[in-house]
Structure formats: C-alpha cells, structure tokens
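Trainee: I've got this chain open on my screen and I'd like a close look at one part of it. Pick a helix you find worth a visit, and walk me out from there through whatever sits around it.

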Amino acid sequence: MSQSSKISMQRKHRRRRVTLLLLGMALLTGFGIWIGMMIAGITQTEMPAEEGLPAMADIPDVSPVDADIAPPPDDNADTAPEGITPQIQPPAGPGAADLWSLILVNKANPIPGGYLPDLENITGDIMVDARIFDPLLRMVNAAKADGITLTIISGFRTYEQQVGIFERRKQFLIETEGLTEALAEASTALYIAFPGESEHHTGLAVDITTPVYTELDEGFEDTHAFAWLSVNAKDYGFVIRYPKDKTAITGIEYEPWHYRYVGTDAAHFISSNNLCLEEYLDFLQNGWPVDADGDDGGDEDDGDNS
Ligand SMILES: [Zn+2]
C-alpha cells in the first residue's frame with residue numbers, strides 16, 4: 001500500500017468515525033429531547049403549568065372547609081340504614097352515648113369547661129352549633145312549606161350570658177320583693193338554670209315560638225307550630241328536651257318550646273318510646289329497663305331560661 005492510499009484509508013476511517021460519532025450524538029440528543037418531552041408531559045398532566053399556581057393557592061381554602069363539612073354526617077346519630085325500625089334498633093353500641101349530638105347538660109352534668117362549638121348564625125344574633133344549622137334550617141323551611149312559621153328566639157348562650165340572665169333575675173327579686181341575697185338566689189334557681197347548667201351552652205338547643213304566640217309557657221302547646229313540631233321535629237333530629245312527665249328525671253319543668261338536637265335516629269327512638277334524654281342515655285349504656293321513676297314529683301322547678 002502506497003503512502004497516499006494509506007493516508008486516504010486513514011481519512012476514510014476518521015470520516016466514518018466522525019460520522020458515527022455525529023450519528024451517536026444525534027441519537028443521544030433525540031433520546032434526550034424525547035425523555036425531556038416525556039417528563040414535561042408527565043408534569044403537565046400532574047400539575048397544569050399555568051393554572052398550577054392559582055390551583056395550589058386555592059387548596060388551603062378548600063380543604064379546611066371540606067374538613068369542616070365532611071365530619072357531621074359521620075358523627076351524627078342518624079347513621080342506621082333506611083328501613084330499620086327505630087323502635088327496635090337505636091344507635092346503640094360502644095361509645096354511642098359519647099356522640100357530640102348526645103351531650104348531656106343538666107344540674108348534675110354541667111357543661112365541660114372550655115366547651116365552645118363552632119357557631120353559625122341562624123337569625124338576628126342567635127347562633128347555634130354549626131353542625132345543627134342545616135337540620136334546623138330544613139325544619140324551619142319544611143314548616144314554612146306547610147304554612148307554619150317557627151320563630152327561633154334563643155339558641156347558644158355563653159356562660160357569661162347565663163350569668164347575666166341569672167343575676168338580673170336575682171337583683172330583680174332583691175329590689176322588688178326585698179329578699180336577702182341568699183333567698184333571692186334560691187328563688188331564682190327555681191326558674192333559671194345556674195350558669196354552666198343550661199343546655200343552651202351546648203348550642204344544640206333552641207327555644208321556638210311563633211310570630212303570634214310569643215310567650216314561653218305551656219300555652220305554646222295549643223299552637224299549630226307545636227302540633228307540627230310534635231309530628232315532624234324528630235325527622236330533623238329534634239326532640240322536646242323537657243317532656244311533661246319527666247320533670248323528676250330532667251329536673252326541669254315541662255317546656256314545650258325548648259327543642260334539642262340529638263340526631264334523627266335518637267330523636268325517633270326517644271319520641272317513639274316517650275323518653276327524655278337522660279333515660280335514652282341510660283338505655284344506651286345499660287339497656288332496658290329504663291329507670292322511669294318519674295312520678296315522684298320533682299321539686300325542682302325551672303322556667304323558660306333553663
Ligand atoms: Zn330553652
């Protein structure tokens with residue numbers, strides 16, 4: 001082989017090597033671009049590039065609301081499938097009595113310290129536990145559809161508000177009847193719950209009247225509103241908290257205007273079996289027979305501010 005042909009061969013080899021190198025680089029570049037596009041594609045499906053930021057910024061606003069809305073249906077007492085006869089199947093079982101909707105507040109069970117539910121404004125400055133806002137509103141609207149106006153005149157009360165109600169009544173008795181402080185307090189306690197012992201602290205109780213009948217007394221029993229509530233309140237999870245024949249157990253006089261949210265299952269069971277909340281909770285914990293020794297004539301007398 002001549003020197004010139006040797007050089008020519010070497011050039012050819014070099015040219016082929018360069019061609020292969022270029023081809024390899026082109027392939028690698030192409031592969032790289034393809035990989036890049038794939039990654040970009042995946043990223044795009046997971047998080048829209050442009051809308052990504054606003055969407056992410058929205059998330060903190062959305063999730064807490066969802067979290068607030070989601071729990072109530074699960075926490076409610078009304079979890080039994082439809083078709084189960086409430087008289088036979090109450091929402092019993094371990095912990096059933098611990099449901100938020102079955103919290104018991106009375107003379108023997110003052111409101112737990114620091115208890116403050118999320119509140120929602122129902123009308124005017126009247127607020128209720130946010131978890132009963134919907135059922136209460138549905139009940140009021142259902143009554144309205146039947147031609148009955150239910151006026152919610154009282155809902156959640158703070159400890160301080162109850163102190164105010166109690167103290168005003170006590171001072172009134174001291175000033176108008178000349179009672180000593182001790183006597184005035186004892187007398188007030190016959191009609192008004194001590195601060196901490198009022199069910200209104202729970203935000204689960206409402207006092208209902210009508211635009212025509214505004215008194216908080218037994219006359220409410222004769223109103224169309226009461227007749228409607230007697231039939232329908234349980235369907236929205238509400239019961240009469242202080243029934244006529246349960247004063248010895250509840251420690252509170254009959255209050256046909258005071259309704260308490262307990263959940264629909266509990267409300268149906270309580271109504272069908274003519275129970276008060278104390279008896280129902282006793283039943284959940286101990287089963288029948290309920291201690292219904294309600295005829296001894298309790299001497300505790302609470303008025304419309306219980
Ligand atoms: Zn009340």
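**Around helix H10**

Mentor: Let's start with what lies over helix H10: the cover on its buried residues includes helix H8 (247-250), strand S6 (258-261) and helix H9 (264-272). Keep in mind as we go that this is a predicted model.

H10 itself runs over residues 277-286, and 7 of its 10 residues are buried, so by the count of 20 or more C-beta neighbours within 10 Å this helix is mostly covered. The buried ones are Leu277, Glu278, Glu279, Tyr280, Leu281, Phe283 and Leu284. Notice that two glutamates are on that list along with the leucines and aromatics. Just past the end of the helix comes Gly287, with a positive phi near 75°.

Now for the company H10 keeps. The largest nonpolar core has 43 residues, and Tyr280 is among those with the most contacts inside it, along with Phe238, Val239, Tyr259, Val262 and Ile270. Several elements chip in: helix H4 (133-145), strand S4 (205-209), helix H7 (224-232), strand S5 (238-240), S6, H9 and H10 each give at least two residues. H10 provides the largest share, 5 residues. As background, nonpolar side chains tend to be buried together in soluble globular proteins.

Click on Ile270 for a good view of how this comes together. Leaving out residues up to four places away in sequence, Ile270 touches Val239, Val262, Leu275 and Tyr280. Three of these names, Val239, Val262 and Tyr280, are ones you just met among the residues with the most contacts in the core.

Next, follow S6, one of the elements covering H10. Both of its faces are covered: His258 and Arg260 are buried on one side, Tyr259 and Tyr261 on the other. That back-and-forth is a familiar pattern, as side chains in a regular strand alternate between the two faces of the sheet.

S6 belongs to an open sheet of 4 strands, ordered S3-S4-S6-S5 and paired antiparallel. Strand S3 (151-154) and S5 form the edges, each pairing on one side only. From one strand to the next, the twist averages 45°. In the order of the sheet, S6 has S4 on one side and S5 on the other. The S5 and S6 pair is antiparallel and joined by 3 bridges, with Phe238 partnered to Tyr261 in S6. S4 and S6 are antiparallel too, again over 3 bridges, and here Asp207 faces His258. Carry on across to the S3 edge and you find 3 bridges between S3 and S4, also antiparallel. Asp207 shows up once more there, standing opposite Ser154.

One stop a bit farther along the tour is Gly203, in the loop between H6 and S4. Why does a loop glycine like Gly203 count as buried? It has 25 C-beta neighbours inside 10 Å, and the cut-off is 20 or more, so it qualifies. Gly203 and Phe156 are 47 residues apart along the chain, yet their C-alpha atoms are separated by 4.1 Å. Beyond residues up to four places away in sequence, Gly203 touches Pro117, Leu119, Met127, Val128, Asp129, Gly155 and Phe156.

Some of those contacts lead you to a hairpin. Strand S1 (residues 119-123) pairs with strand S2 (residues 126-129) in the antiparallel sense over 4 bridges. Met127, one of the residues touching Gly203, is the bridge partner of Asn121. There are 2 residues between the two strands, and Gly124 in this hairpin has a positive phi near 55°.

For a contrast with H10, look at helix H5 (residues 159-177), which has 19 residues and spans 27 Å from first C-alpha to last, close to the 27 Å expected at 1.5 Å a residue. Its residues Gln162, Phe166 and Lys170 are buried. They cover an arc of only 60° around the axis, so they sit on the same side of H5. Glu160, Arg168, Glu175 and Thr176 are exposed on the other side. The buried residues pack against helix H6 (181-189), and Gly178, which follows H5, has a positive phi near 65°.

How values were computed: Residues are numbered from 1 along each chain as its sequence is written. This is a predicted model: local features need pLDDT of at least 70, side-chain atom pairs count only at pLDDT 80 or more; totals for chains, interfaces and linings use all residues. A residue is buried if 20 or more other C-beta atoms lie within 10 Å of its own, exposed if 12 or fewer, and partly exposed in between; C-beta atoms are placed from the backbone. Two residues are in contact if their C-beta atoms, placed from the backbone, lie within 7 Å. A nonpolar core is a set of buried Ala, Val, Leu, Ile, Met, Phe, Trp, Tyr and Cys residues joined through C-beta atoms within 7 Å. The expected span of a helix is 1.5 Å times one less than its number of residues. The arc is that of the directions from the helix axis to the C-beta atoms. Two strands pair if DSSP finds at least two bridges between them. Axes are lines fitted to C-alpha atoms, for helices over the stretch in contact, and angles run from 0 to 180 degrees between N-to-C directions.
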